[in-house]
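Biologist: Please give me a close look at the nonpolar core of this protein, and explain each technical term as it arises. I should like to follow the account with the structure in view.

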Amino acid sequence: MRFSARIHITLKPTVNDPQGNAVLGSLHTLGFESTEAVRVGKYLTLTLDAADDAEAKAQVGSMCERLLANTVIESFETEIGRA
């Protein structure tokens, strides 16, 4: 079966986010001073073949742990659906 996966990767809360700080500063410069914090992450979509939902979820989890996310400083959430 063909599955689609949506993956959200974000820095863990205790990790400094210099890119988020730069975006926050730029928003303030543009007049959006009510913005209090920005965290920048990654969003990926992919399509894969798997026997069932459980296998698709396991494959995507392995992809994230082995390549897509740096699990020392990043967390990830996945959404799996049929393509």
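Modeller: The largest nonpolar core consists of ten residues: Phe3, Ala5, Ile7, Ile9, Leu48, Ala50, Ala56, Val60, Cys64 and Ala69. A nonpolar core is here a set of buried Ala, Val, Leu, Ile, Met, Phe, Trp, Tyr and Cys residues joined through side-chain atoms within 4.5 Å. Buried means under 20% relative accessible area, exposed over 50%, and partly exposed in between, with a 1.4 Å probe and protein chains only. Strand S1 and helix H2 (53-68) each supply at least two residues of this core. Its largest share, four residues, comes from S1. Helices (H or I, at least four residues) and strands (E, at least two) are DSSP runs, numbered from the N terminus.

The model is a predicted one, in which local features need pLDDT of at least 70 and side-chain atom pairs count only at pLDDT 80 or more, while totals for chains, interfaces and linings use all residues. Residues are numbered from 1 along each chain as its sequence is written, and side-chain values use heavy atoms, with hydrogens and water left out.

Let us begin with the strand. S1 has a covered face, formed by Phe3, Ala5, Ile7, Ile9 and Leu11, and an uncovered face, formed by Arg2, Ser4, Arg6, His8 and Thr10. In a regular strand the side chains alternate between the two faces of the sheet.

Ala5, a residue of strand S1, is buried, with a relative accessible area of 2%. Apart from residues up to four places away in sequence, Ala5 touches Leu44, Thr45, Leu46, Leu48, Val60, Glu79 and Ile80; contact means heavy atoms within 4.5 Å. Ala5 and Ala83 lie 78 residues apart in sequence, yet their C-alpha atoms are 8.8 Å apart in space.

From the helix, consider Val60, which is located in H2. This residue is buried, and its relative accessible area is 0%. Val60 touches Ala5, Ile7, Leu46, Leu48, Thr78 and Ile80, again leaving out residues up to four places away in sequence. The C-alpha atom of Val60 is 9.9 Å from that of Thr47, although the two residues are 13 apart along the chain. Another core member, Ala56, is in contact with Phe3, Leu48, Ala50 and Ile80, its neighbours within four places in sequence being set aside. As a general matter, in soluble globular proteins nonpolar side chains tend to be buried together.

The sheet to which S1 belongs comes next. Three strands form an open sheet in the order S2-S1-S3, with antiparallel pairing. Its edge strands are S2 (42-49) and S3, each of which pairs on one side only. Two strands pair if DSSP finds at least two bridges between them. Strand S1 (residues 2-11) pairs with S3 over nine bridges and with S2 over eight. In the second of these pairings, Arg6 stands opposite Thr45. On the S3 side, Thr10 stands opposite Ser75, and the bridge partner of Leu11 is Glu74.

Glu74 deserves attention of its own. It lies in strand S3 (residues 74-82) and is buried, with a relative accessible area of 12%. Not counting residues up to four places away in sequence, Glu74 touches Ile9, Thr10, Leu11, Lys12, Lys42, Leu68 and Ala69; of these, Ile9 and Ala69 are among the core residues listed above.

Finally, the core may be set in the whole protein. The secondary structure comprises two helices and three strands, and from the N terminus on the elements run β-α-β-α-β. The radius of gyration is 16 Å, well over the 12 Å that the globule rule gives for 83 residues, so the protein is more spread out than a compact globule. That radius is taken over C-alpha atoms, and the rule is 2.2 Å times the number of residues to the power 0.38. Along the principal axes, the C-alpha atoms fill a box of roughly 50 × 25 × 15 Å. Buried residues make up 22% of the 83 residues. Among contacts between residues at least 6 apart in sequence, 69% join residues at least 24 apart.
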